[in-house]
Amino acid sequence: MTYQFQSGILSTTEDVLKRLSSLNAELELLREKLGFEEKFSFIIFGGTALLLYTNYRVTSDIDCYYLNTISASEVEGIIANHGVNNRIEGLMTAPVVEDFIPRSNLILETDVLEVRVASKEDLILSKLFSTRGTDSDERDLIDSGIFEGDIDLVYIETVFNEFESARIGSRVNFSSLDDILKKIAEKEEIINK
């Protein structure tokens, strides 16, 4: 089987849905060939989740947390060619999987694919607790507008405080929720002047 390479920039929700549709089509063809019964399922985090919620930024890959994979080696090539990866699993220390799965939102379900997107709150927490050690996650939180609209800030504060010990003594310079909220307020004041 020849895999159609699905690289490129994702800049709209439609781009993401086209990429997922292509992934689904190739998985369905592989299922017909190999006869597996499993379903590949994952939760989208990172830049793609920000794109889906806010249209804030573009990305070339889909960072996600795998819930279930298909036990066929050919699947790995298809997934990689569509830019889907589970690197997020090694980059965030909170929230924990048991908390974010039920809060995630289903965006696509077929016979071979189930795609969810992290809740806004869990996306925010994943960026607050990112171990990347760059300021890009902080910029995403301040500039994207992800805090606008219906957000459970009490949940975010509770989980942030619960996992604050993971931040203390860490080599990674995690963002402070209070600092992020202050910077968002300052930015709004500048815009409203």
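In which helix is the place of Asn24? In this predicted model, Asn24 belongs to helix α1, where the residue is buried, with a relative accessible area of 10%. Because the limit for a buried residue is set at under 20% relative accessible area, the value of 10% places Asn24 in the buried class. When the neighbours within four places in sequence are left aside, the contacts of Asn24 are with Thr110, Val112 and Leu113.

The protein chain as a whole contains 9 helices and 5 strands, and these elements follow one another along the sequence in the order α-β-α-β-α-β-α-β-β-α-α-α-α-α. Of the 193 residues in the protein chain, 46% are buried, and the exposed surface comes to about 9900 Å², of which carbon and sulfur atoms supply 47%. Among the contacts with a separation of 6 or more, 70% are accounted for by residues 24 or more positions apart.

The aromatic side chains give a count of 6 pairs. One of these is formed by Phe40 and Phe42, whose rings are tilted with respect to each other, with a distance of 5.0 Å centre to centre and an angle of 45° between the planes; Phe40 and Phe42 are both buried. Phe40 also pairs with Tyr66, and because the planes of these two rings stand at 80°, with the centres 5.2 Å apart, the pair is classed as edge-to-face. The latter pair links distant parts of the chain, since Phe40 lies in strand β1 (residues 40–44) and Tyr66 in strand β2 (residues 62–68), 26 residues apart. Tyr66 is buried, as is Phe40, and the three residues Phe40, Phe42 and Tyr66 together form one aromatic cluster.

Helix α2 spans residues 46–54, and its buried residues are Gly46, Gly47, Thr48, Ala49, Leu50 and Leu51. The cover over these buried residues includes strands β1 and β2, together with β5 (113–117), and helices α1 (13–34), α5 and α6 (136–143). Strands β1 and β2, which hold Phe40 and Tyr66 respectively, are thus among the elements that cover the buried residues of α2.

Just after α2, the backbone at Asn55 adopts a positive phi of about 55°, although Asn55 is not a glycine. Most residues other than glycine have a negative phi. Asn55 is placed in the loop between α2 and β2, and because exposed residues are those over 50% relative accessible area, Asn55, at 53% relative accessibility, counts as exposed. The two asparagines described here therefore fall into opposite classes, Asn24 being buried and Asn55 exposed.

A helix-to-helix contact is found between α5 (residues 120–128) and α7 (residues 153–162), which pack at an angle of about 35° with their axes 10 Å apart, and the crossing of α5 and α7 is right-handed. On the side of α5 the contact is made by Glu121, Asp122, Ile124, Leu125 and Leu128, and on the side of α7 by Tyr155, Ile156, Val159 and Phe160. Tyr155, one of the α7 residues in this contact, also has Arg103 lying over the face of its ring, at 3.6 Å from the ring centre. Helix α5 takes part in two of the arrangements described, in that α5 packs with α7 and is included in what covers the buried residues of α2.

Terms used
Residues are numbered from 1 along each chain as its sequence is written. Side-chain values use heavy atoms; hydrogens and water are left out. Helices (H or I, at least four residues) and strands (E, at least two) are DSSP runs, numbered from the N terminus. Buried means under 20% relative accessible area, exposed over 50%, partly exposed in between (1.4 Å probe, protein chains only). Contact means heavy atoms within 4.5 Å. Accessible areas come from the Shrake-Rupley method with a 1.4 Å probe; for residues, only the protein chains shown count as cover. Rings of Phe, Tyr and Trp (its six-membered ring) pair if their centres lie within 6.5 Å; planes under 30 degrees apart count as stacked, over 60 as edge-to-face and the rest as tilted. A charge sits over a ring if NZ of Lys or CZ of Arg is within 6 Å of the ring centre and within 35 degrees of the ring normal. Axes are lines fitted to C-alpha atoms, for helices over the stretch in contact, and angles run from 0 to 180 degrees between N-to-C directions. A crossing is left-handed if the near helix is turned anticlockwise from the far one by less than a right angle, and right-handed if clockwise.
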